[in-house]
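Biologist: I would like a close look at one part of this protein, with the terms explained as you go. Could you walk me through it slowly?

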Amino acid sequence: MPVPMVHQFGIMDEVDEQKEYVEYAPRQYDCVAVHDDMLSSLEAKLSGIRTYFHSLDRPGHGLAWSGITLIPPESLPALYEAVTSSANFEHSPELRGLADKIARAIRADRYIIHFGI
């Protein structure tokens, strides 16, 4: 059986500034899954969002498509806008679930962790 091509997004209760996030742990962060084809349509909008790749020592922009991305609270409004402005948003339970997760992280002033495909 083929493995589904999904990205996982979860809320981090705390971020260890010294840690290298390399372990695939979507259950630990109560992640929501979004299929790659749904997220690929947002890649251009996501590419400008300030993020970190695997640790806070590696700043970047956009998502680590096949790695782990840490998305800081100040970048979450732009992520929310990218997701909710998608042409697929109204008909996608996955994108609506992701938007809800982002909104909760914004209210709690938390990082989002993204596990790529």
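Biologist: To set the scene, how many helices and strands does the chain have? Then please take me to strand S5 and the residues around it.

Modeller: Happy to! The chain has 4 helices and 6 strands, where helices (H or I, at least four residues) and strands (E, at least two) are DSSP runs, numbered from the N terminus. Before we zoom in, please keep in mind that this is a predicted model, in which local features need pLDDT of at least 70 and side-chain atom pairs count only at pLDDT 80 or more, while totals for chains, interfaces and linings use all residues. Residues are numbered from 1 along each chain as its sequence is written, and side-chain values use heavy atoms, with hydrogens and water left out.

From the N terminus on, the elements follow the order β-β-α-α-β-β-β-α-α-β. Strand S5 covers residues 68-71. Ile68 and Leu70 point one way from this strand, and Thr69 and Ile71 point the other way. In a regular strand the side chains alternate between the two faces of the sheet. All four of these S5 residues are buried, meaning under 20% relative accessible area, with exposed being over 50% and partly exposed in between (1.4 Å probe, protein chains only).

Now look at the partners of S5. Two strands pair if DSSP finds at least two bridges between them. Strand S3 (residues 50-53) runs antiparallel to S5, and 2 bridges join them. Here Tyr52 stands opposite Leu70. Strand S6 (residues 111-115) also pairs with S5 in the antiparallel sense, over 4 bridges. There Leu70 stands opposite Ile113.

Next come the cores. A nonpolar core is a set of buried Ala, Val, Leu, Ile, Met, Phe, Trp, Tyr and Cys residues joined through side-chain atoms within 4.5 Å. The largest one has 22 residues, and Leu39, Leu46, Leu79, Val83 and Ile112 touch the most other members. Strand S1 (6-12) and helices H1 (36-40), H3 (76-84) and H4 (93-108) each supply at least two residues of this core, and the largest share, 5 residues, comes from H4. Apart from it lies another core, of 11 residues, and Ile68 from S5 is among them, as are Met12, Tyr52 and Phe115.

Finally, let's step back to the chain as a whole. Buried residues make up 47% of its 117 residues. Its C-alpha trace spans about 40 × 35 × 25 Å along the principal axes.
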